[in-house]
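Q: I'm new to reading protein models and would like some help. Could we go through this one feature by feature?

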Amino acid sequence: MKRFLVLTLVLVIFLSSCRVVESDLSADDTQKETESEVIEETTGSETITETDSESVTDMESESEEDTTVIEGDYEIEKIELDKYEVSIKAGETDMPMVTMYPDDASNKGEIWESSDESVATVNHYGKITGVKAGECIVTVTSEDNPSVKAEVKVTVSGEASLTYVNGILIANKTYSLPESYSPGIDRTAEAALNKMISAAKDDGIHLFIKSGFRSYGTQKTLYNNYVARDGVDAADRYSARPGHSEHQTGLAFDLNSLDQSFGETKEGKWLAEHCHEYGFIIRYPKDKEEVTGYMYEPWHVRYLGEDVAKDVYESGKCLEEYLGITSEYEN
Ligand SMILES: [Zn+2]
C-alpha cells in the first residue's frame, strides 16, 4: 500500500511537470518550428528559405511605396508655365519657365516634346529652337505623373529672315539665307523638273540632274575648297559663299554638265529655249555677270513657276534686272 502511494505520487509529479513544459511553449514557436522543419525537409536548403523571406520583405516595402503615391503626398498634380505662346524666327530660341505643383513633390523631372520637329525642336530643359516657318505644339509632361501636362503653341516665322521680292525667294550676293534654313528639294519644283526632263526625252534630248538642294554646311565646304584652290576673287565668280547659294532654296538645279560649253550643245540649247515652259529660267545668263554676280552658267536653272518664268524669259532680263535688285557682297 505504501509502495502504491509512492508510485502514485511519482506519477502525479511527472504528469504535472509535463504540463509545465507544454505550457512554456508558445503557439508561435511551435508553428515556426514546424514550418522550418517543413521547408528544410522540402527544399533541403537554407538559402532558398532566406530568399523567400527577403522577397516577402521586398513586396511589403513596395506595397508601402504604392500606398504613399496613392495618398498623393509627393505626386505632381499641376504644371504651370510663364507663357503658353511662343513666336520666334527660324534659328532663334525661347524657353518657357515651368512651375510644378505641389512644391514638396519628390520628382519634378520634365519631359519635353515637339509635335513637329521640322518646325521647332525642344531640348530636355525646354529650350525651343525655330527650324522653319510653321506652327507646332510643344508639350511638357511630368516624369512622375505623365497624365499632367502643359502645352505651348509655337509659331515660327521664316519670312523675316528670308527675302521675298514679288513673292520670289531671293538668294544672291546681296540677300542671304539663314544657316538653319534647310528645306530640301522643293516638291513642286522637282515635279516640274521631271515633267521637263520627260518632255525633253520626247524631243530626243537627254537631260539629267547633276546637283539639286545643297545645305548651308555643304556649300560652306564647297566654297572653302574653291577658295583654297583658286583664291577668293576667282571663287566668288562661280561659287556662292555659304548662305548665298540658290541651291539652298531647294528651287535650283544643275543639269548635265558644269562646263560653259554645255550652252552650245543641243541639250543646252533645248534647255535655254524651253525651260520657261516648265517654270524655270537660266538663272545666270551670258553677259550678265555684272548684274547677277556670277559667270555664265547654262546648266543652272531656277524654278519660278510657269507664269513668272515665261514673263522673265520674254523680258530678256536676268532675275535681278527683272525685279530691280542688286547682287553684291557687302565686303
Ligand atoms: Zn548651280
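Q: Is N166 buried or exposed?
A: The idea is to count how many other C-beta atoms crowd around a residue's own; with 12 or fewer inside 10 Å, a residue is called exposed. N166 has 10 other C-beta atoms within 10 Å, so it is exposed. Keep in mind that this is a predicted model. N166 is found in the loop between strand 10 (163-165) and strand 11 (168-170).

Q: What is phi like at N166?
A: As a rule, most residues other than glycine have a negative phi. N166 has a positive phi, near 50 degrees, and isn't a glycine.

Q: Which other residue, not a glycine, has a positive phi?
A: Take N256, with a phi of about 60 degrees. You'll find N256 in the loop between strand 13 and helix 7 (266-274). With 18 other C-beta atoms within 10 Å, N256 counts as partly exposed.

Q: Where is there a cis peptide bond?
A: Most peptide bonds are trans. Here, the bond joining Y101 and P102 is cis, with omega at about 0 degrees. P102 sits in the loop between strand 4 (98-101) and strand 5.

Q: How do I read the order of strands in an open sheet, say the one with 4 strands?
A: Read the order as a walk across the sheet from one edge to the other. Here the walk goes 2-9-8-5, and the pairing is mixed. Strand 2 (85-89) and strand 5 (110-114) are at the edges with a single partner strand each, so each has one side without a neighbour in the sheet. On average, neighbouring strands in this sheet are turned by 25 degrees against each other, direction ignored.

Q: How many bridges join strand 2 to strand 9?
A: There are 5, and strand 2 runs parallel to strand 9 (residues 149-157). To find your way on the model, look for K89, which stands opposite S157 in strand 9.

Q: What is the order of the open sheet with 3 strands?
A: That order is 3-7-6, with antiparallel pairing. Strand 3 (93-94) and strand 6 take the edges; each has a single partner strand, so one side of each is without a neighbour in the sheet. Strand 3 and strand 7 (residues 128-130) are joined by 2 bridges and run antiparallel. T93 has T129 in strand 7 as its bridge partner.

Q: Which strands pair with strand 13?
A: Strand 12 (residues 209-211) is joined to strand 13 (residues 252-255) by 2 bridges, and the two run antiparallel. There, I209 has L255 as its bridge partner. Strand 13 also pairs with strand 15 (residues 297-303), in the antiparallel sense over 3 bridges. In that pairing, D254 stands opposite H300.

Q: What should I look at in a helix, for example helix 5?
A: Start with a handy rule: an α-helix has 3.6 residues a turn, so residues three or four places apart point the same way. Then compare length with expectation. Helix 5 (residues 216-230) has 15 residues and reaches 21 Å from its first C-alpha to its last, close to the 21 Å expected at 1.5 Å a residue. After helix 5 comes G231, with a positive phi near 90 degrees.

Q: Which residues touch the most other members of the largest nonpolar core?
A: Those are A120, V154, C275, F280, I281 and V301, in a core of 43 residues. Helix 4 (residues 187-202) provides the largest share of this core, with 5 residues. Domain 1 (78-159) and domain 2 (163-323) both contribute residues to the core, so it lies between them.

Q: What is A120 in contact with?
A: Leaving aside neighbours within four places in sequence, A120 is in contact with residues including S114, I128, V131, C136 and V154.

Q: Where does D116 lie?
A: D116 lies in the loop between strand 5 and strand 6 (120-122). D116 has 16 C-beta neighbours inside 10 Å and so counts as partly exposed. Beyond its neighbours within four places in sequence, D116 is in contact with G134 and C136.

Q: How many helices and strands does the protein chain have?
A: The chain has 10 helices and 15 strands. Buried residues make up 25% of its 331 residues.

Technical notes
Residues are numbered from 1 along each chain as its sequence is written. This is a predicted model: local features need pLDDT of at least 70, side-chain atom pairs count only at pLDDT 80 or more; totals for chains, interfaces and linings use all residues. Two strands pair if DSSP finds at least two bridges between them. Axes are lines fitted to C-alpha atoms, for helices over the stretch in contact, and angles run from 0 to 180 degrees between N-to-C directions. A residue is buried if 20 or more other C-beta atoms lie within 10 Å of its own, exposed if 12 or fewer, and partly exposed in between; C-beta atoms are placed from the backbone. Two residues are in contact if their C-beta atoms, placed from the backbone, lie within 7 Å. The expected span of a helix is 1.5 Å times one less than its number of residues. A nonpolar core is a set of buried Ala, Val, Leu, Ile, Met, Phe, Trp, Tyr and Cys residues joined through C-beta atoms within 7 Å. Domain bounds come from an automatic or database domain assignment.
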